[in-house]
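Dear colleague,

Please find the structure below, handed over for your study. My findings follow it, with each term explained where it is used.

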Amino acid sequence: MSAKTIANGILRAIAILAGIVILGWFFYKIQSVIVYLAIAAVIALLGRPIVLFLRKKLKFPNTLAVIATMLFMVSIFLGILALFIPLITKQSQNLSLLDIDMLTEKINSLYLETLQYFGASTGSVNEIISESHIEESMLSDLDLGFIPDFLNTFMNALSSFSIGFFSVLFISFFFLKDRNLLQNGLLTFVPDNKESNMVKSIEKINNLLSRYFAGILLQLFILFVIYTIALLIVGVENAIVIAFLCALFNIIPYIGPIIGGVIMITLTMTSFLGADFSSVIIPKTMYVLIGLAIGQLIDNFFSQPFIFSNSVKSHPLEIFLVIIIAGLLFGVVGMVVAVPGYTAIKVILKEFLAEYSVVQKLTKNL
């Protein structure tokens, strides 16, 4: 091997590495656009059956069917958002009428009742609570300087959300209007002799992910119904909003149900703040906890196996490992997109690298 060949090989390797770095930097800079495209693709997958129904059954023109579908999905989103308005309004009123001394007294009282219920010694607790310098030090350490920063952060988040919302709507409209738009865009990066494989991959991914997201919606709906019933039975205010919020956290695998459960239990206890701890708060919290347990049992033994086995054709253990690895690498966002991303990768591997035994074993159920 000549020196010139070695030098050319080294230069080619450097050029490839430089290209990968530049491409990674480019994707990092446009990560918001990638997120918009991903969300729009999901919306297009969910809206496609509605568009087909309007076109085939009701004989709508394609553009009118897409507009009607977008209006329907936006109405659902705004309706869900409207559920939170009473809760936000009430919390705003509570903040405007907040009495720090009364709040401190209620927290201390609830803490004392908790210790008494579990048989802890209350003598030292009474002595500590009665020392006013502790409350004074707590109040003196309260820094209200965070309020302007919080408002600025909130306004920036609202502005970013508005831009993202309308960007997603715009992209989703064209994805629904021309179902081959995304496919044609991807085919520009694929060699001509591999285009048929890519088309098959895209069709397979669309079918699998459509079933997956439909299964996720079914999962959230089942949990929402169970949580709502549990909260209504015990008389928690804004039960529908709290149930929806806690069910929504199940989008985050493994961690989400824990966060939703903690929120539900906390809001249940604070809803009855001031009532008798042993005869009111504890029994009502236990009823909600039972409802939470029933929801998670149904989710773990029915919803999730149904979604993973029948939609993405993957073993639950396989999915567990993929989610954990994605969470370690990319955090919560990685856990959310792990299953659809892994499914897409498996389909592409089966179409392009089916001759390898490892790929055959991984994709044998697809």
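Helices H9 and H10 are oblique to each other, since their axes cross at roughly 140° and oblique is the class left over when angles under 35 degrees count as roughly parallel, over 145 as roughly antiparallel and 65 to 115 as roughly perpendicular. H9 covers residues 195-234 and H10 residues 239-248, and their axes come within 8 Å. This is a predicted model, in which local features need pLDDT of at least 70 and side-chain atom pairs count only at pLDDT 80 or more, while totals for chains, interfaces and linings use all residues. Residues are numbered from 1 along each chain as its sequence is written, and side-chain values use heavy atoms, with hydrogens and water left out.

Helices here are DSSP runs (H or I, at least four residues), numbered from the N terminus; strands are E runs of at least two. An axis is a line fitted to C-alpha atoms, for helices over the stretch in contact, and angles run from 0 to 180 degrees between N-to-C directions.

The crossing of H9 and H10 is right-handed (the near helix is turned clockwise from the far one by less than a right angle; anticlockwise would be left-handed). On the H9 side, the contact (heavy atoms within 4.5 Å) includes Leu220, Phe224 and Leu231, and on the H10 side Ile240, Phe244 and Leu248 are among the residues met. By class, this contact of H9 with H10 has 14 nonpolar residues, one polar and no charged (Ala, Val, Leu, Ile, Met, Phe, Trp, Tyr, Cys and Pro count as nonpolar, Asp, Glu, Lys and Arg as charged, and the others, Gly among them, as polar).

H9 also meets helix H2 (residues 31-56): their axes come within 9 Å and cross at roughly 85°. H2 is therefore roughly perpendicular to H9. Val42, Leu45 and Leu46 of H2 make this contact with residues of H9 that include Asn206, Phe213 and Leu217. Seven nonpolar, two polar and no charged residues take part in the contact of H2 with H9.

Gln296 lies in helix H12 (residues 277-310). Its relative accessible area is 15%, so Gln296 is buried (under 20%; exposed is over 50% and partly exposed in between, with a 1.4 Å probe and protein chains only). Leaving aside residues up to four places away in sequence, Gln296 touches Leu223, Tyr227, Asn250 and Pro257.

Finally, the structure holds one salt bridge (a side-chain nitrogen of Lys or Arg within 4 Å of a carboxyl oxygen of Asp or Glu). Lys346 forms it with Glu318, and their closest N and O atoms are 3.4 Å apart. Lys346 counts as buried because its relative accessibility is 3%.

Yours sincerely
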